[in-house]
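Visitor: Please take one part of this structure and examine it closely. I should then like to see how that part is placed within the rest of the chain.

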Amino acid sequence: MRENKYDEELFFSKYISFPRSVHGLSAAGEWHAFQKLLPDFAGKRVLDIGCGLGWHCAYAAEHGAASALGIDISEKMLSVAMGKWVYPNVAFSRMAMEDMDFQKDSFDVVIRACFKRHKGCIIKRARQRCKPDARKRETFWRACRSELPHAGRA
């Protein structure tokens, strides 16, 4: 498993006290803009890459997703997410985004709010896991474009 700062005690203790960690999506400055990019989740299979505390998975479940899978490298983040969100259609798995190996067309929607420090190949791999529906793919790309200037070329 790749190393990550989120499982370092000092970093995690500070992160978990941020307003967005305590109060959720509405406390995140970018939420109101990001929310407008999200599709109708009704009946959709959702993958949240780097799910952290699981807020996007919960949002998808509360808005009718058939299933939501959150993946993250951080054991500490996933522990909080699993304790906080108990929905029959939500699951969490410890996995680095670089190690994603889902079958093609496994998901209808892929959510990832921050790709700032990750390479376009990860975006391409995630995009391939979506069903071949242009609108669903475009939702993913639009959400990523603001973070990665090269996302459209991946």
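Guide: Y6 has a relative accessibility of 23% and counts as partly exposed, a class lying between buried (under 20% relative accessible area) and exposed (over 50%), computed with a 1.4 Å probe on protein chains only. This is a predicted model, in which local features need pLDDT of at least 70 and side-chain atom pairs count only at pLDDT 80 or more, while totals for chains, interfaces and linings use all residues. Residues are numbered from 1 along each chain as its sequence is written, and side-chain values use heavy atoms, with hydrogens and water left out.

A search of the whole structure yields 9 aromatic pairs. Y6 and Y15 make up one of these pairs, an edge-to-face arrangement with 5.3 Å from centre to centre and 85° between the planes. Rings of Phe, Tyr and Trp (its six-membered ring) are paired if their centres lie within 6.5 Å; planes under 30 degrees apart are stacked, those over 60 are edge-to-face, and the rest are tilted. Whereas Y6 is partly exposed, Y15 is buried, with a relative accessible area of 18%. Y15 also pairs with F11, here in a stacked arrangement: 6.5 Å centre to centre and 15° between the planes. F11 and Y15 are 4 residues apart in helix α1, and they are therefore separated by about one helical turn. Helices are DSSP runs of H or I with at least four residues, strands are runs of E with at least two, and both are numbered from the N terminus. F11 is partly exposed, at a relative accessible area of 32%. Together with F18, the residues Y6, F11 and Y15 form one aromatic cluster.

From Y6 the path leads to S74, which touches N4, Y6, D7 and R94, residues up to four places away in sequence being left aside; contact here means heavy atoms within 4.5 Å. S74 belongs to the loop between β2 (67-72) and α5, and is buried at 0% relative accessibility. Its side chain makes a polar contact of 2.7 Å with the side chain of D7. A polar contact is a pair of N or O atoms within 3.5 Å; within protein, one must be able to donate a hydrogen and the other to accept it, and residues adjacent in sequence count only if both atoms are side-chain atoms. A polar atom of the S74 side chain also lies 3.0 Å from the backbone nitrogen of M77.

Helix α1 leads in turn to the interior. The largest nonpolar core has 27 residues, and W31, L38, F41, V46, F92 and I111 have the most contacts inside it. At least two residues of this core come from each of α1 (9-15), α3 (31-37), α4, α5 (75-84), β3 (90-94) and β4 (109-111). Helix α4 gives the largest share, 6 residues. Such a core is a set of buried Ala, Val, Leu, Ile, Met, Phe, Trp, Tyr and Cys residues joined through side-chain atoms within 4.5 Å. I111 touches F34, L38, F41, V46, L47, D48, I49 and H56, with residues up to four places away in sequence not counted. A second, separate core of 10 residues includes M97, M100, F107 and V110.

Helix α4 (residues 55-62) is mostly covered, with 7 of its 8 residues buried; these are W55, H56, C57, A58, Y59, A60 and A61. Just after this helix, G64 adopts a positive phi of about 90°. C57 is buried at 0% relative accessibility, and its closest cysteine sulfur, that of C51, is 5.3 Å away, too far for a bond. C51 is likewise buried, at 7%. The count of disulfides, defined as pairs of cysteine sulfur atoms within 2.5 Å, is 0.

As for the wider setting, the chain contains 7 helices and 4 strands, which run α-α-α-β-α-β-α-β-β-α-α from the N terminus. Of its 154 residues, 47% are buried. Among contacts between residues at least 6 apart in sequence, 59% join residues at least 24 apart.
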